[in-house]
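Welcome! Have a look at the model below, and then we will walk through its contacts together.

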Amino acid sequence: MFKESKKKLSTPATDTLLANGTSFEGTIEAEANIRIDGHFQGDIYSTRTVVIGESAVVRSDIIARDVILAGKVFGSITAEGRLTITPTGELYGNTATPTLVISEGGVLNGTSQMNQTMDAESPAAIDKSEDENQSSFSQDIEDSQASLQPEAG
């Protein structure tokens with residue numbers, strides 16, 4: 001009666017494809033979406049989205065806006081936007097990204113660093129805020145100690 005609906009991960013249109021059964025070694029630099037379903041060794045740079053398909057085995061450092069990982073990557077991934085590791089995705093290396101999504105079954109065997117976004121507070125603003133909090137805290141302590149002192153009579 002009711003059909004079971006599975007939420008599908010929408011993938012961007014593929015501009016560059018390395019198909020299943022294909023091996024390539026070298027460097028890919030693109031201002032387009034890239035999808036790899038075969039074997040790749042080298043570095044990948046894209047200003048758009050990189051999709052590593054379920055059948056892909058990639059030995060690479062990847063730098064892209066977004067990365068969707070459904071296959072295996074041996075190397076580091078730096079995503080300016082989001083790294084999504086699907087239930088079949090496996091990353092054996094480090095990642096740096098502001099947004100990291102790992103689905104149940106996905107593998108991250110390495111370290112992750114959650115980068116600050118561009119609009120985050122500067123270190124100077126954070127230091128100033130901490131100084132203000134410290135001053136406020138010190139004043140609170142002085143006030144509480146004064147209230148505990150017996151009045152002179």
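## Stacked rings

Let us begin with Phe-24, which is partly exposed, with a relative accessible area of 39%. This is a predicted model, so keep in mind that every value here is computed from predicted coordinates. What does the ring of Phe-24 pair with? The structure has two aromatic pairs, and in one of them Phe-24 is stacked with Phe-40, because the ring centres are 5.7 Å apart and the planes meet at 10°. Planes under 30 degrees apart count as stacked. Phe-24 belongs to strand β2 and Phe-40 to strand β4, so this pair links distant parts of the chain, 16 residues apart. Is Phe-40 buried or exposed? Phe-40 is buried, at a relative accessible area of 2%.

The rings of Phe-74 and Tyr-92 are stacked as well, with centres 5.1 Å apart and planes at 15°. Phe-74 sits in strand β7 (residues 72–74), while Tyr-92 sits in strand β9 (residues 90–92), so the pair ties together parts of the chain 18 residues apart in sequence. Phe-74 is partly exposed at 30% relative accessibility, and Tyr-92 is partly exposed at 30% too. Phe-74 has a charged companion: Arg-59 lies over the face of its ring, 4.5 Å from the ring centre.

## Strands beside β6

Now find β6, which spans residues 57–69. Strand β4 pairs with β6 in the parallel sense, over seven bridges. Here Gln-41 stands opposite Arg-59 of β6, and Arg-59 is the residue that lies over the ring of Phe-74. Strand β8 also pairs with β6 in the parallel sense, again over seven bridges. One place to look is Ile-68, whose bridge partner in β8 is Thr-84.

Which strand is joined to β6 by four bridges? That is β5, and the two run parallel. In this pairing, Ile-52 has Leu-69 of β6 as its bridge partner. Strand β7 pairs with β6 in the parallel sense over three bridges, and the bridge partner of Val-57 in β7 is Lys-72.

As you trace these strands, here is a handy idea. In a regular strand the side chains alternate between the two faces of the sheet.

## The nonpolar core

How many residues make up the largest nonpolar core? There are 21, and those with the most contacts inside the core are Ile-36, Ile-52 and Ile-62. At least two core residues come from each of these strands: β2 (23–30), β3 (34–36), β4 (39–46), β5 (49–52), β6 (57–69) and β8 (77–85). The largest share, five residues, comes from β6.

Ile-52 is a good place to zoom in. Leaving aside its neighbours within four places in sequence, Ile-52 is in contact with Ile-36, Val-58, Ile-62, Ile-68 and Leu-69, and also with Ala-70, Gly-71, Lys-72 and Val-73. Two names in that list should look familiar: Ile-36 and Ile-62 are, with Ile-52, the residues with the most contacts inside the core. Leu-69 is another familiar name, being the bridge partner of Ile-52 in β6.

## Salt bridges

The structure holds three salt bridges. In one of them, the side chains of Arg-48 and Asp-15 meet, with N and O 3.9 Å apart. Why does this pair tie together separate parts of the chain? Arg-48 is in the loop between β4 and β5, whereas Asp-15 is in the segment before β1 (16–18), so the bridge connects parts that are 33 residues apart in sequence. Arg-48 is partly exposed, with a relative accessible area of 32%, and Asp-15 is partly exposed at 45%.

Another salt bridge joins Arg-35 to Asp-37, and their closest N and O atoms are 3.0 Å apart. Arg-35 counts as partly exposed at 24% relative accessibility, whereas Asp-37 is buried at 13%, because buried means under 20%. Arg-65 and Asp-66 form a salt bridge too, with the closest N and O atoms 3.1 Å apart. Arg-65 is partly exposed, with a relative accessible area of 34%.

Technical notes: Residues numbered from 1 in each chain as written. Predicted model: local features only at pLDDT ≥ 70, side-chain atom pairs only at ≥ 80, totals over all residues. Heavy atoms only, no water. Core = buried A, V, L, I, M, F, W, Y, C linked by side-chain atoms within 4.5 Å. Buried < 20%, exposed > 50% of the residue type's maximum accessible area, 1.4 Å probe, protein only. Contact = heavy atoms within 4.5 Å. Salt bridge = Lys/Arg side-chain N within 4 Å of Asp/Glu carboxyl O. Phe/Tyr/Trp six-rings, centres within 6.5 Å; stacked < 30°, edge-to-face > 60°. Lys NZ or Arg CZ within 6 Å of the ring centre and 35° of its normal. Pairing = 2+ DSSP bridges.
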